[in-house]
Amino acid sequence: MGQNDLMGTAEDFADQFLRVTKQYLPHVARLCLISTFLEDGVRMWFQWGEQRDYIDTTWGCGYALASAFVLLNLLGQLTGCILVLSRNFVQYACFGLFGIIALQTIAYSILWDLKFLMRYVNLALGGGLLLLLAESRSEGKSMFAGVPTMRESSPKQYMQLGGRVLLVLMFMTLLHFDASFFSILQNIVGTALMILVAIGFKTKLAALTLVVWLFAINVYFNAFWTIPVYKPMHDFLKYDFFQTMSVIGGLLLVVALGPGGVSMDEKKKEW
């Protein structure tokens, strides 16, 4: 009974948090979600020569094509961010950012690095974009007009399911397999929360807990502001920091939107 009371209190807190923040939580979520694209687009401007030379050296495509690649990344990411934040042509912006993810996956030759793919080349980011796409589109029309179907799920709801599953993949890369008590506890708690978000059970509470946990880990492990700008580690930590902020943005969208129709939470309403 004590455990049920504790869970009930936690769920009440999550509901209260959502009521208080519902006016601006989606805006914060979108800003966090696109932060990695915004940072990368700005970095393309300030590191134009380095990025161009890297692509030219890797692919031997010449300065013209390498420069076109950098320009496409710069304009594509910044334009997409502006459209998302201004709520204009959000679906087109999402598809454009999906294209940037695919382009970078190939151009930076990291397609076969599974850990990098899950965390950095952005299956997690792709999940966030799916949630953003779901938020921006209206509910799909019924497949059979005029016929009520309790179990029917719109494309939006499947986007929410796909977004949840892709987002939690990132947490697989945070697991540490050693014998320390902290690592074991972190693995158990993290895995449990991942499963809850993926299947959509106690979704808002689990996603909000993941937000707090991941933000604390991000600030502690990716504190790029403590490293001098001229050191390579500064850029690595900065990149990791904004990637993680984007996943936090996706989780905040889960908190704001709920899990959608394809989830345990939704099915409980039918039981």
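**Close-up views of a predicted all-helix model**

From the N terminus on, the elements of the protein chain run α-α-α-α-α-α-α-α-α-α-α-α. The model shown is predicted. The protein chain has twelve helices and zero strands. Of its 271 residues, 46% are buried.

**Figure 1. A salt bridge within helix α2 joins glutamate 39 and arginine 43.** The side chains of glutamate 39 and arginine 43 meet at 3.8 Å, taken from N to O. Helix α2 covers residues 25–46, and the two partners are four residues apart in it, so about one helical turn separates them. Are glutamate 39 and arginine 43 buried or exposed? Both residues are buried. The structure holds five salt bridges, and this pair is one of them.

**Figure 2. Arginine 52 meets an acidic side chain and also lies over an aromatic ring.** The side chains of arginine 52 and aspartate 53 form a salt bridge, with 3.3 Å from N to O. Arginine 52 has a relative accessible area of 19%; this value is under 20%, so the residue counts as buried. Aspartate 53, at 29% relative accessibility, counts as partly exposed. Which ring does arginine 52 lie over? The ring belongs to tyrosine 63, and arginine 52 lies over its face at 4.4 Å from the ring centre.

**Figure 3. A salt bridge between glutamate 135 and arginine 87 links distant parts of the chain.** The side chains of glutamate 135 and arginine 87 meet at 3.7 Å, N to O. Glutamate 135 belongs to helix α7 (residues 123–136), whereas arginine 87 is in the loop between α4 (62–86) and α5 (90–107). The two residues are 48 residues apart along the chain. Glutamate 135 is buried, with a relative accessible area of 17%. Arginine 87 is partly exposed, and its relative accessible area is 32%. Which residues are linked in the network of salt bridges? The network links Arg30, Arg87 and Glu135.

**Figure 4. Phenylalanine 89 and tyrosine 92 form a tilted aromatic pair.** A search of the whole structure finds seven aromatic pairs. In the pair of phenylalanine 89 and tyrosine 92, the ring centres are 6.3 Å apart and the ring planes are at 55 degrees, so the pair is tilted. An angle over 60 degrees would be needed for the pair to count as edge-to-face. Phenylalanine 89 counts as exposed at 58% relative accessibility. Tyrosine 92 also counts as exposed, at 64% relative accessibility.

**Figure 5. Tyrosine 220 and phenylalanine 221 form an edge-to-face pair.** The ring centres of tyrosine 220 and phenylalanine 221 are 4.9 Å apart. Their planes are at 90 degrees, so the pair is edge-to-face. Tyrosine 220 is exposed, and its relative accessible area is 64%.

**Figure 6. Ring pairs build a cluster from Phe224, Trp225, Phe241 and Phe242.** Which residues should a reader look for in this view? They are Phe224, Trp225, Phe241 and Phe242, which ring pairs link into a cluster.

**Figure 7. Five nonpolar residues make a surface patch.** The patch has an area of about 500 Å². Its members are Phe181, Ile184, Leu185, Ile188 and Val189. Where is valine 189 placed? Valine 189 is in helix α9, which covers residues 181–199. Valine 189 is partly exposed, with a relative accessible area of 38%.

**Figure 8. Glycine 49 lies in helix α3.** Helix α3 covers residues 48–59. With a relative accessible area of 24%, glycine 49 is partly exposed. Glycine 49 and alanine 66 are 17 residues apart along the chain, and 9.7 Å separates their C-alpha atoms.

**Figure 9. Cysteine 32 and cysteine 61 are shown in a model with zero disulfides.** A disulfide is a covalent bond between the sulfur atoms of two cysteines. How many disulfides are counted in this structure? The count comes to zero. To be counted, a pair of cysteine sulfur atoms must lie within 2.5 Å. Is cysteine 32 buried or exposed? Cysteine 32 counts as buried, at 12% relative accessibility. Cysteine 61 counts as partly exposed, at 26% relative accessibility.

Methods. Residues are numbered from 1 along each chain as its sequence is written. This is a predicted model: local features need pLDDT of at least 70, side-chain atom pairs count only at pLDDT 80 or more; totals for chains, interfaces and linings use all residues. Side-chain values use heavy atoms; hydrogens and water are left out. Rings of Phe, Tyr and Trp (its six-membered ring) pair if their centres lie within 6.5 Å; planes under 30 degrees apart count as stacked, over 60 as edge-to-face and the rest as tilted. Buried means under 20% relative accessible area, exposed over 50%, partly exposed in between (1.4 Å probe, protein chains only). A charge sits over a ring if NZ of Lys or CZ of Arg is within 6 Å of the ring centre and within 35 degrees of the ring normal. Patches are made of residues with over 30% relative accessible area and no salt bridge: like charges are joined within 9 Å, nonpolar side chains (Val, Leu, Ile, Met, Phe, Trp, Tyr) within 5 Å. Accessible areas come from the Shrake-Rupley method with a 1.4 Å probe; for residues, only the protein chains shown count as cover. A salt bridge is a side-chain nitrogen of Lys or Arg within 4 Å of a carboxyl oxygen of Asp or Glu.
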